[in-house]
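Reader: Please give me a close look at a single part of this model, together with whatever setting is needed to place that part in the chain. I would rather have one connected account than a list.

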Amino acid sequence: MTSIFELLIAFFLVISGIFGFVGSFGMIKLKDPMSRLHAPTKATTLGVGGVLLASITHSVLIEGKLSLHELLITLFLFLTAPITALFIAKWHIHRHEKPSDLPDAGEDELWATHAVEQVEDVPDHSAN
């Protein structure tokens, strides 16, 4: 029975290695920053998730105790990776794209990331 558990753990590790490799390869090969953002947020997140699944499986099935550390790491990873990707994507859009360069927004008529009003430059008098 232990060999079945070890095969399951090895399966999770191999799958996580494949996802990690694909994510890293995507970072090298994809051309623009928005495409490169897709590789680590999807593939390598699943790669780290596979390692954590292997660790959880080993701790429960082989050692016979449940460790909450891996569950907390998994929760933190799956909550923060998409939010970080969203912030990086919004920064890229604000920094490099004009509203006229973006595709049609549909019925809303305005992209949410460009919905802020332009504020005039106010001179900084705090240095005086």
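Author: I begin with the chain as a whole: among its contacts (heavy atoms within 4.5 Å) between residues at least 6 apart in sequence, 49% join residues at least 24 apart. The model is a predicted one, in which local features need pLDDT of at least 70 and side-chain atom pairs count only at pLDDT 80 or more, while totals for chains, interfaces and linings use all residues. Residues are numbered from 1 along each chain as its sequence is written, and side-chain values use heavy atoms, with hydrogens and water left out.

The protein chain holds three helices and zero strands, these being DSSP runs numbered from the N terminus (H or I, at least four residues, for helices; E, at least two, for strands), and its pattern along the sequence is α-α-α. Of its 128 residues, 23% are buried, where buried means under 20% relative accessible area, exposed over 50% and partly exposed in between (1.4 Å probe, protein chains only).

The part I have chosen for the close look is helix α2, which runs through residues 33–62 and has 30 residues. From first C-alpha to last, α2 reaches 42 Å, close to the 44 Å expected at 1.5 Å a residue, the expected span being 1.5 Å times one less than the number of residues. Along its course α2 bends by about 25 degrees at Thr 44, an angle taken between axes fitted to the seven residues ending there and the seven starting there.

Further along α2 comes Ser 55, which is partly exposed, with a relative accessible area of 27%. The side chain of Ser 55 makes a polar contact with the side chain of Glu 70 at 2.7 Å; such a contact is a pair of N or O atoms within 3.5 Å, one able to donate a hydrogen and the other to accept it, and residues adjacent in sequence count only if both atoms are side-chain atoms.

Ser 59 also lies in helix α2, and with a relative accessible area of 6% Ser 59 is buried. Its side chain reaches the backbone oxygen of Lys 65 at 2.8 Å. Once neighbours within four places in sequence are set aside, Ser 59 is in contact with Gly 64, Lys 65, Leu 66 and Ser 67. One of these, Gly 64, takes a positive phi of about 80 degrees just after α2.

Ser 55 also leads to an earlier stretch of the chain, since Ser 55 and Phe 12 are 43 residues apart in sequence and 9.1 Å apart in space, C-alpha to C-alpha. Phe 12 brings in the aromatic pairs, of which a search of the whole structure finds two; rings of Phe, Tyr and Trp (its six-membered ring) pair if their centres lie within 6.5 Å, with planes under 30 degrees apart counted as stacked, over 60 as edge-to-face and the rest as tilted. Phe 11 and Phe 12 form a tilted pair, 6.0 Å centre to centre with 50 degrees between the planes. Phe 12 is buried at a relative accessible area of 18%, whereas Phe 11 is partly exposed at 49%. Phe 21 and Phe 25 form a stacked pair, 6.0 Å centre to centre with 20 degrees between the planes, and because they are four residues apart in helix α1 (residues 2–29), about one helical turn separates them. Phe 21 counts as exposed at 57% relative accessibility, and Phe 25 as partly exposed at 44%.
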